[in-house]
Amino acid sequence: MTQTVKIALIGAGFFARNQLFAWAGIEGAEVVAICDRDPARLAAAGEEFGIARRYTDAARLFADGGFDVADIATTVASHRMLVGMAAAADVHVICQKPFAQTLADAKAMVAAVQATGKTLMIHENFRWQSAVRQVIDALRSGAIGAPFFGRVSFRSGYDVFSGQPYLAEGERFIIEDLGIHILDIARALFGDVTRIAATTRRVNPKIKGEDVATMQLLHKSGVTSVVDCSYATKRSPETFPESLIEIDGTEGSLRLDAGYRLTIQRNGGSESRDVSPPLLPWAERPWHNIQESVQIIQQHFVDCLRDGRQPETSGADNLQTFALVEAAYLSAAEGRSVDPGSL
Ligand code: NAD
Ligand code: 89Y
């Protein structure tokens, strides 16, 4: 594929703005149409990014066509319907996380796009944050030998509810919204999981779902990892939205500490470096870490289309991350460990 990749973005809300900025920075990609059922949001995004083709009805967007990729940036309730429409229109698909409301839906959505032969990528971007990527690369290069223990930790008191009010309203919160990313990082580091045990708590009385989750994972590789997430942690410095990582390996250990400092220790020596993400021209702190990963994952998608390969977080791959989310909720509800493969 050498010509421009034409994209239609559906859902012009809080997060889509990052996706629109990122597309504008990717050579050979162009957003040709935009859709949001909210006319005010549609107009605001259309004006800011100079997109003339605007729709309030996704069915009309697909009927008019003229694009190669549907980039779905709506909240989860509409994902199944929109992915179905994209499959029927025979276009490639990017869909935001959480991919679906149930694992059965997620499997059906993967099958629907697979039947068309088109590419489906879940916008699972945290594993693409440049600091996290440095950890993945160091581990895969054997910097600390074979890993046997890992911890991926996201603890914050940042107010995510003002930008995303729906997060306060769902029966489920932190595992489905944020833990999904952190579980995906654990998979990127240590591979797929055979058992997970989780506990959850709601600390903030103003929200419906859980805002603390502590999960222990046994990976097929033999690694045990702890994935812990909290939006109830009042501490200074506030580390939102950093994922902190520590890994023990047979030859040494590695830490990604607060402030984007990566330390690798081996043979009695210690090497530490700053792996802070760049501040892209359109980005703002503290979100710049996430914003850069949006640019990187969208570039990865375009590269995959050009090279005819599957994205790292393809729909099929994401079923494993999604199953971990479901298994974590089941484990917490029933007080037992769960094999995500059994779901
Ligand atoms: P939002 O509510 O601000 O925006 C969603 C938009 O979609 C709204 O403007 C709404 O009108 C529109 N919409 C909903 N259903 C539609 C339909 N059927 N047709 C057309 N438009 C429709 O939500 P948000 O905070 O931008 O989140 C969107 C998605 O992005 C969520 O799934 C969320 O989990 C995800 N998200 C991902 C990251 C990340 O780092 N990957 C960060 C934040 C949010
Ligand atoms: O929705 C969430 C996400 O995907 O990244 C951070 C976030 O915006 C709030 O938890």
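Reader: Before we look at Asp90, what do buried, exposed and partly exposed stand for?
Author: Buried means under 20% relative accessible area and exposed means over 50%. Whatever falls in between is called partly exposed.

Reader: Thanks! In this model, is Asp90 buried, exposed or partly exposed?
Author: Keep in mind that we are looking at a predicted model. Asp90 sits in the loop between helix 4 (79–88) and strand 5. Its relative accessible area is 41%, which lies between the two cut-offs, so Asp90 is partly exposed.

Reader: What is the phi of Asp90?
Author: Most residues other than glycine have a negative phi. Asp90 is not a glycine, yet its phi is positive, at about 65°.

Reader: Which loop holds Asn267, and is this residue buried or exposed?
Author: Asn267 also has a positive phi, of about 50°, without being a glycine. Its loop runs between strand 13 (261–266) and strand 14 (269–274). With a relative accessibility of 71%, over the 50% cut-off, Asn267 is exposed.

Reader: Which peptide bond leading into Pro98 is cis, and what is its omega?
Author: Most peptide bonds are trans. Pro98 lies in the loop between strand 5 (92–96) and helix 5 (103–114). The cis bond runs from Lys97 to Pro98, with omega near -20°.

Reader: And what is omega for the bond between Ser236 and Pro237?
Author: Pro237 belongs to the loop between strand 10 (224–230) and strand 11 (244–249). The bond joining Ser236 and Pro237 is cis, with an omega of about 0°.

Reader: How many disulfides does the structure hold, and which cysteine sulfur is nearest to that of Cys304?
Author: A disulfide needs two cysteine sulfur atoms within 2.5 Å. The structure holds 0 disulfides. For Cys304, which is in no disulfide, the nearest cysteine sulfur is 17 Å away, and it belongs to Cys95.

Reader: Are Cys229 and Cys304 buried or exposed?
Author: Cys229 has a relative accessible area of 1%, and for Cys304 the value is 0%. Both values are under 20%, so Cys229 and Cys304 are buried.

Reader: How are helix 6 and helix 7 oriented to each other?
Author: Helix 6 (residues 130–140) packs on helix 7 (residues 174–190) with their axes 9 Å apart, in a right-handed crossing. The contact involves Val132, Val135, Ile136, Leu139 and Arg140 of helix 6, and Ile185, Ala188, Leu189 and Phe190 of helix 7. By class, these are 8 nonpolar, no polar and 1 charged. The angle is about 25°, under the 35 degree cut-off, so the helices are roughly parallel.

Reader: What about helix 1 and helix 8?
Author: Helix 1 (residues 16–24) crosses helix 8 in a right-handed manner. Asn18, Gln19, Ala22 and Trp23 of helix 1 meet residues of helix 8 that include Gln291, Phe301 and Val302. This contact has 5 nonpolar, 5 polar and no charged residues. The angle of about 55° falls in none of the parallel, antiparallel or perpendicular ranges, so the two helices are oblique.

Reader: Which residues does His300 touch, leaving out those up to four places away in sequence?
Author: His300 lies in helix 8 (residues 288–307). Its relative accessible area of 9% is under 20%, so His300 is buried. The residues it touches are Met121, Trp128, Arg309, Pro311 and Glu312.

Note on methods: Residues are numbered from 1 along each chain as its sequence is written. Chains are lettered from A and ligands numbered from 1 in the order in which they are written. This is a predicted model: local features need pLDDT of at least 70, side-chain atom pairs count only at pLDDT 80 or more; totals for chains, interfaces and linings use all residues. Side-chain values use heavy atoms; hydrogens and water are left out. Buried means under 20% relative accessible area, exposed over 50%, partly exposed in between (1.4 Å probe, protein chains only). Axes are lines fitted to C-alpha atoms, for helices over the stretch in contact, and angles run from 0 to 180 degrees between N-to-C directions. Helices (H or I, at least four residues) and strands (E, at least two) are DSSP runs, numbered from the N terminus. Angles under 35 degrees count as roughly parallel, over 145 as roughly antiparallel, 65 to 115 as roughly perpendicular and the rest as oblique. A crossing is left-handed if the near helix is turned anticlockwise from the far one by less than a right angle, and right-handed if clockwise. Contact means heavy atoms within 4.5 Å. Ala, Val, Leu, Ile, Met, Phe, Trp, Tyr, Cys and Pro count as nonpolar, Asp, Glu, Lys and Arg as charged, and the others, Gly among them, as polar.
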